[in-house]
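Please open the structure in a viewer and keep the selection tool at hand. The tour below proceeds stop by stop, naming what to select and then what is found there.

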Amino acid sequence: MSVETASPSISRPRHLSARAIGAALLLALAAFAILGPWLIEADPARQNLSASLAPIGGEYLLGADHYGRSLLARLAHGARLSFGMAFLTMITAALPGILFGLVAAWRGGWIERMFELLANIVLALPGLMLVLLLLAFAPGNFGPLYLGLALTLWVEFYRVTRATTATILKQPHIEAAKLLGFGPGYILRNHVGPVIAPLIATLAAFAMATAIVAISTLSAISVGLQPPTPELGSMIVELLPYYAEAPVHVLLPAVLIFLLVLALQLVAQRETR
Amino acid sequence: MRRFLLARLAQAGVVAVVVGTLCFVLMRVLPGDAAMRIAAGRYGPDAAIAEAAEKVRQELGLDQPWPVQFLEWLGNLLRFDLGHSLVTGAPVIEELKVQLGASLWLAAAALLLSLLIGPAVGIVSGLRPNGWADRLGLAGSVTLRALPPFVLGLILMLVFSIWLGWLPPAGFGSWRELILPSLTLALGLAAVSSRVTREAIATVAKAPYFAFARHKGLPEAVVVRRHGLRNAAIPVVSYLGLQAIYLVEGVVVVETIFAYPGIGHALVHAIVERDIPMVQGTALAMGLIFVAVTAGVDAASAWLDPRLRRAQ
Amino acid sequence: MRFALFLAAAATAIGLSSAAGSAEERPLKVVGPWEIGGIDPAQSGYVFSRLQVAETLVSADPTGKLVPALAEQWSVSEDGLTWRFRIRAGATFHDGKPVTAEAAAASLRQAQAGVGVLTQVPISDIAAEGQDVVLRLGKPFAALPAYLVNFGNIILAPASYDASGKVTRIIGSGPYKVKSLTPPLKLELEASGNWWGGAPEIGVVSYLAVGQGETRAIMAESGEADLVFSMLPVSVERLKRDPQLEVKIATIPRTRILKVNAGSPFFDDVEERQAISYAIDRAGITKAILRNPDLEATQLFPPALVGWHVSDLPPLEHDPDAARRLLAEAGWELGSDGILEQDGRRFSVTLLTYSNWPELPPIATVLQAQLREVGIDVKVSVGNSSEIPSRHRDGTLEMGLISRLYSIVPDPTGTLLQDYGPGGSDWGAMGWSNEELQALVDKLVATSDLEERAPLQRRAVEILQEELPGIPITWSELAIIANERITGVQVDPLEVNYGLASIRWAE
Amino acid sequence: MNAPARIHELSIAGLSIHSRTGPIVRDISLSLRPGQPLTLLGESGSGKSLVAQAVMGTLPPELTASGAIRLDGVDLISSSPDERRERWGRAISLLPQEPWLALDPTMRIGPQVAEVHRFVRRQAAPQSSALARTNLTEVGLGHAGALYPFQMSGGMCQRAAIAIAHAGGSGLLIADEPTKGLDADLRDRIVARLKQEVDAGRLLLTITHDISVARALGGTVGVMLEGRLVDYGSAEQVLTAPSHPYSQALLNADPQTWVGSAPAPSGDVVLGGRGLAKRFDNYALFEDIDIEVRAGEILSVVGPSGCGKTTLGNILLGLVEPDAGTVERRKGISRLRFQKLYQDPPAAFPPHQAIRKGLRDLVKLHRGRWEEVEALLERLRLQNGLLDRLPGQISGGELQRFAILRALLLDPVFLFADEATSRLDPVSQKEVVDVLLEVVGETGLGVLLVTHDHALAEKISTRTVRLARRDT
């Protein structure tokens, strides 16, 4: 039934506000991660063992960890590193994932089958194994860590892109665009892009969270980054034994991760028509 | 049906060979002295590792050329012989039986629990998009996504073992020990599957057949049950399949903190200790599980969606 | 009266059903961090030794004094080359066969052919002569009985081995026998019924390996486990406040050492090594990380190691200024980036450590920050424990933070012999040797008389303190948590035997 | 068969529907009695569907209705959501538009009917199945209970929807565009079916833009324009002597009333196919077809749906490979000059792109000038303001004219119009066809018109090719 004119205009304002909150949050986090390390003078690696687990709000604004390092400084540097690395991982996973998905859907045939096989093999290989094996080449380094994570994460982008693109490509407006002489680049950018963008954004939000949590998980089995790198995930691992004495300290990095995921989720939220 | 099975068998074969080869190559190009690592894995860090490593080297014939070792592995594989663990000395197949078996139980319990939680939350959220239940669901999902599993596990232990005193914090052997680790995993899974279900339900709820079912006069519960769930289940099932695959290996941290004997834990040890037969055997088993799970998912999807049945 | 009886009956019924759901005996639940990998004695013999499944010929009491175990007594010939160990009469393996000298000799021969500590003893022959196991040596080795205490030398029944000499199951002679084993995490034991020392107080034991320290603490706190070994320092404080738990702590002969490459330009001068030692705030580490100020390693050996701890030795101290001065004397100058330099070389080194002991990476992190204070740039690399010996071998190791155990055999001489021999060793000195120390150790190896040994030991310790081929950081402790349900728990700092057999249910 | 619940009258008095920005439907009054079906005619956006929704009680929450809708004296507007819901299926049934989308794709048709007996009329399961079989037999689908919707034709789906209405036994049937997307043959059958419902004593409210449906149903006809009921009376009166100019325009727009205006070929063959054949699965769509399109002519291909006429056009355009035969284009002409118009105009434009952007990119791609677009806008009677809207915000007729504009920018020699007007209301259809005829006359373009509307083909085509459906 035809009420196209009425409903979107009604649901939009509410929608915008959720997005606006997300965007504001994202902006605040970005500012904290980018400007924080620059504004906060404290050295995130500087220890003061006599201030071990200093409480929040005292001499240290957000308290100190068990080594007596300023948590505020560590959170700021950690946010820069973790968010940056999660973003890099996500981009590294998303770009080939989307590209392969588009190519597979566009060309079909043996190219698609080849990509499918590749994706299946990556899925069949335990992702953890890939990351651990790559890490074995350069323990404690960013490179293999993020490459390994990206290697396991791209499949999801690929699958979603391929499936969605394949359905879009069957629609008449694609055929029309081809008849009008538009090339694949234009069609993928202007016809496919806007449709898959929100899906990709949702995936990307989750992928960034996955990356940070994965790094912390790897730290928990002692194959993450090397000390004294401030990284949100490994900060949680480091502080975990002190959960009974300083529970809030442990959760602070988790709160930052939470805010990031929430902000990304809110921004990526799809139009609910 | 037969074609379906044959195709799956072929896929299993391809996966076995590719995964095996990849592991073989990767494990051998890794830097570091494998004999040293094996010795450290066997005898612990207090031992005289370097002397032990010399014996390990002779014992295992690690200095044989690669192609010989690879052909040997392939030949053994054809006889379903996965070899012996270099560290424990036990047959790989036995280790897999125990560890993979335990992990599968854990994964199955986690999947079951997550099915009880995720889709239920997702349905409630999806039927009223942007309602309070949906917002709460989103907040819960994001919280669970942001908490590393070991933090979640610790919280559950504190609540259920110390505070309430209902469940043992660690161990294995009975269903009581299975609950906390599987709940930890399940909550992580449900965090995502509830959102996937929500999307699916919201899509179905906008579908003309869902409106028509209401217009037919069916009570809301019947509409959701008969026309909502099955249709929404189609995308959810294929997503759960993907989750199940990640699950078997995603258990590593949970296994570690709950002292549960599983494959993730074993795999980490095997890689660190360069226990090549274990790594290969584990990867192979997981590859085959992947094939089995995708086959299961395809079968389930076909059962749910008659349109796919015809396409097959 | 009848009412009380009824109550008692009900309580018993509930107690029984909650114990195991049947009439089975309630097991003593033991939790520790050690996983059971392979069952080869060299691999996990310590589990079977500690849980009293298998026994060695000689054992040690908590003070380190050697005591008879499967061997009732032992003697050595005048020339120090022939040792006789008399097998205890009436000792029986779990399969019902008696423990014979032949069986014991066979077990020892397997151990000697393997990779355990026995390979370090100059044994030329192991034989059984009547009731005696006879070990013939190539040269005198006074510490031999102490070496036999090591878990790698447990005596197993002949049926434990397959044709190739591999251990396929554990048939020991201790108070407990293996009921079931689920490697790597679970071991269930039951009373063997034929131990020479009598029946254990609690008939069933279940051991669960829990790697995560936090989980072990919660196991203790929730009352799920009766006896928990090895607590994280931070948990200990909390658990001490729990009225249901008893915390027992022993200092164990284990020292965390900063192993430095004395052959490298960074650490070749003794002043440089002393400067490093001055730069380290051991009190801070023990307070913040280990939560026990007594663990500050003022010298290599802890007080518990009687005869090896020299109480009047000048302690290692924290003095950053002295460190800076010594470094300056050694020719290091502060560069523009705050890092020391000498001949264009930055004082920048990699500190290798490993996570088998959870406290090592945090201590490494502290050392990194403290050394930075005196102008030394340290990169911490947490890797596999095998990297230290392997980088020692190829000479690329610069610094390593290790945890060294001096009770692998209860006599530290063995470890000293290994660690500070010519050219050093994997877990000992690197690029450093001292002829006087070697002479001392050689004498110690051949001497068993305590009076004679005392001055030699003291001098060895003094040399190590002056030269600092390895820089002691902290000593270690073993924290054991016992639930108030049980009584009779003893702490064995040597971790030879946990004495489970004498633990009782509290009234 | 359930005897329908007896309803004597639906009367609507002074119905207005408001959105936040103002009224969308104003002051509608009409009534509906047994034996007197009511048909509401009008273009999309005229508010006719909103009237049906108001009766059903399914208006979107942001719209409010005022006035009175009385079903046998009970006011529907003031009833609570629960009361409305209580009437669904029991008193009022909806025949959905595009029923193939309204039936659950994962459930066989039998259970979809049976569940009404089971859950609405509270029958036991076996009885429900038996009753469902009866309902299906009534609409001639007795054999189809085990089929899934995707295995059924559009007409079968529509009849299944009627069977569902029977099952509920409701006395008022609301048919929302019941013939949308159906060919003439199927349309006639559905209309006949609806008449039977009227004869059985049900009230019937039909929403359509198809005048022939209104004519065939008879009874009362209302014509809606911009939210107002501009004409209302007996079918005879409104469809022969309408009082409002729009009604007149509507009637004039019916192809049957058109004056023939077929263009004459002005040139050589631009495109031809020889011996064309195409199979799908194991079933031959057509075999050995020869076809030629000349410059300046309109060649119509008519036939029922499923006969392969669209495939034929696609083969000529080179979008589909024929199984046999050859296609020849006039030599030396760019492929870009062979263009296509689509059945569903919104689907032929990227939904996220404003019209202006699409046209601008097209002009840029072929190095044309924007002035051409502006000239064409005027020629095709399209307002400049439409350029900045998204395809979903423009009416189908306007969008189809934009599609023509888009094609004309490439100076085409051949245009394949694939059911290009079948989804449009008559007035829009007329406008599009007029534009098309003008263009053909001016440019000498050859058109292949694929349609199921015989009348349309007859009035405007130079030549007509008929394809028959082959039975499987």
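**Stop 1: chain B and its confidence**

The model is predicted, and a useful start is to colour chain B by pLDDT, which averages 81 in this chain. Of the residues of chain B, 97% score at least 70. Select helix 9 of chain B (residues 208–215), where confidence in the chain is highest, at 87. Then select helix 14 of chain B (residues 306–311), where confidence is lowest, at a mean of 68.

**Stop 2: the two domains of chain B**

Colour residues 2–78 of chain B as domain 1 and residues 92–311 as domain 2, following the domain assignment. The C-alpha centres of these two domains of chain B are 31 Å apart. Where they touch, 16 residues of domain 1 of chain B are in contact with 14 residues of domain 2 of chain B. On the domain 1 side, helix 1 (2–29) and helix 2 of chain B are the elements that give two or more residues. Helix 1 of chain B has the largest share of that side, with ten residues. By class, the domain 1 side of this contact in chain B consists of eleven nonpolar, three polar and two charged residues.

**Stop 3: where chain B meets chain C**

Now display chains B and C together. How many residues does the contact take from each chain? It takes 34 residues from chain B and 34 residues from chain C. To find the chain B side, select helix 2 (34–43), helix 3 (49–60), helix 7 (149–163) and helix 11 (252–257) of chain B, each of which supplies at least two residues. Helix 2 of chain B, already met at the contact between the domains of chain B, gives the largest share of the side that touches chain C, six residues. Colouring by residue class shows 22 nonpolar, six polar and six charged residues on this side of chain B.

**Stop 4: chain A**

Keep chain C in view and add chain A. This contact takes 18 residues from chain A and 20 residues from chain C. On the side of chain A that touches chain C there are ten nonpolar, six polar and two charged residues.

Next, select within chain A the residues 20–40, 81–105, 117–138, 144–161, 199–226 and 246–268, which an unreviewed UniProt entry lists under "transmembrane region". Two of these stretches merit a separate look. Residues 81–105 of chain A are 100% helix and 0% strand, with 35 Å between the end C-alpha atoms. Residues 144–161 of chain A are likewise 100% helix and 0% strand, and here the end C-alpha atoms are 26 Å apart.

**Stop 5: chain D as a whole**

Hide the other chains and show chain D, which contains 16 helices and 18 strands. Its radius of gyration is 24 Å, close to the 23 Å that the globule rule gives for 472 residues, so chain D is as compact as a globular protein of that length. Along its principal axes, the C-alpha trace of chain D spans about 70 × 50 × 40 Å.

**Stop 6: the two domains of chain D**

Colour chain D as domain 1 (10–254) and domain 2 (257–466). Taken over C-alpha atoms, the centres of these domains of chain D are separated by 33 Å. The contact between them involves 14 residues of domain 1 of chain D and 14 residues of domain 2 of chain D. For the domain 1 side, select helix 7 (184–199) and helix 10 (245–252) of chain D, the elements that give two or more residues. Helix 10 of chain D has the largest share, four residues. The domain 1 side of this contact in chain D holds six nonpolar, four polar and four charged residues.

**Stop 7: an open sheet in chain D**

Finally, select the four strands of chain D that form an open sheet in the order 2-1-4-5, with antiparallel pairing. Which strands stand at the edges? They are strand 2 (22–32) and strand 5 (74–75) of chain D, each with a single partner strand, so one side of each has no neighbour in the sheet.

Walk across the sheet from strand 2:

- Strand 1 (residues 10–19) of chain D pairs with strand 2 of chain D over seven bridges, and L15(D) has I28(D) as its bridge partner.
- Strand 1 of chain D also pairs with strand 4 (residues 64–71) of chain D over seven bridges, where L10(D) stands opposite L71(D).
- Strand 4 of chain D is joined to strand 5 of chain D by two bridges, and L71(D) stands opposite V74(D).

End at the hairpin of strands 4 and 5 of chain D, which has two residues between the strands. There, D72(D) takes a positive phi near 50°.

Conventions
Residues numbered from 1 in each chain as written. Chains lettered and ligands numbered in written order. Predicted model: local features only at pLDDT ≥ 70, side-chain atom pairs only at ≥ 80, totals over all residues. Contact = placed C-beta atoms within 7 Å. Nonpolar A, V, L, I, M, F, W, Y, C, P; charged D, E, K, R; others polar. UniProt positions renumbered as here; feature names shortened; annotations may be inferred. Pairing = 2+ DSSP bridges. Domains from an automatic or database assignment. pLDDT = per-residue confidence, 0-100. Rg over C-alpha atoms; globule rule 2.2 N^0.38 Å.
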